[in-house]
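Visitor: Could you take me through the strand pairing in this model, one partner at a time? I would like a close look at how the strands line up with each other.

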Amino acid sequence: MIVSVVLDVVRHPRMFASELRGPWEGTPVLERWIADPATGRTEITRLDDRGIEFPRVDERLVGLPYRYGYAANIQNGFEQRAIVKYDLEADTSEVRDEGAGFGFGEPVFIPRHDGAAEDDGWVMALRLDRGADRTDLVVLDARDITGAPVATVH
């Protein structure tokens with residue numbers, strides 16, 4: 001039985017062609033690639049036009065079907081700004097953006113317990129406070145990433 005291979009990827013339009021210090025030669029976007037080993041063809045679908053990087057899913061589901069994903073929103077060059085939570089089944093997203101004075105690093109999902117549902121847990125990310133020149137670890141409820149943090153570690 002031949003099964004298609006599904007990859008959700010961040011696609012950069014170009015990398016290291018003229019900017020050798022990093023991958024900023026256009027906006028990196030979320031795409032789904034479905035490869036059919038029987039035909040050798042790959043179907044490519046853009047899932048989001050927003051600039052993103054550092055995508056993550058519940059680690060328990062790597063290599064398996066999943067519904068939710070998280071990524072750092074990239075703006076103004078390679079400035080990490082917000083966290084995006086994707087519901088790939090409903091084709092929706094939520095954004096936690098605390099304004100230009102803040103930026104979030106790579107979001108990581110932590111399940112509440114081993115048998116927890118896919119988005120039953122927390123999303124942790126480093127948050128840069130540009131005004132205070134300080135970085136905190138912010139813990140968010142994965143089911144409400146736009147709500148108040150569950151905890152902030154200074």
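Guide: Happy to. Start at V6, which stands opposite I34 in β2. This is a predicted model, so please read each pairing below as part of a prediction. The V6 pair belongs to β1 and β2, and β2 covers residues 29-36. These two strands run antiparallel and are joined by 7 bridges.

Now widen the view to the sheet around them. Three strands make up an open sheet, ordered β1-β2-β3, with antiparallel pairing. Because β1 (5-11) and β3 (41-48) each have a single partner strand, they stand at the edges, and one side of each is left without a neighbour in the sheet. From one strand to the next, the twist averages 25 degrees. As a rule, side chains in a regular strand alternate between the two faces of the sheet.

Further along the chain, β10 (residues 121-129) is a good strand to follow. Strand β8, residues 102-104, runs antiparallel to β10 and is joined to it by 3 bridges; here F102 stands opposite D129. Strand β9, residues 108-111, also pairs with β10 in the antiparallel sense, over 4 bridges, and F109 has V123 as its bridge partner.

β10 is also joined to β11 (residues 134-141) by 8 bridges, again antiparallel. D129 turns up once more in this pairing, with R134 of β11 as its bridge partner. The hairpin of β10 and β11 has 4 residues between the strands, and D133 takes a positive phi near 55 degrees there.

Key
Residues are numbered from 1 along each chain as its sequence is written. This is a predicted model: local features need pLDDT of at least 70, side-chain atom pairs count only at pLDDT 80 or more; totals for chains, interfaces and linings use all residues. Side-chain values use heavy atoms; hydrogens and water are left out. Two strands pair if DSSP finds at least two bridges between them. Axes are lines fitted to C-alpha atoms, for helices over the stretch in contact, and angles run from 0 to 180 degrees between N-to-C directions.
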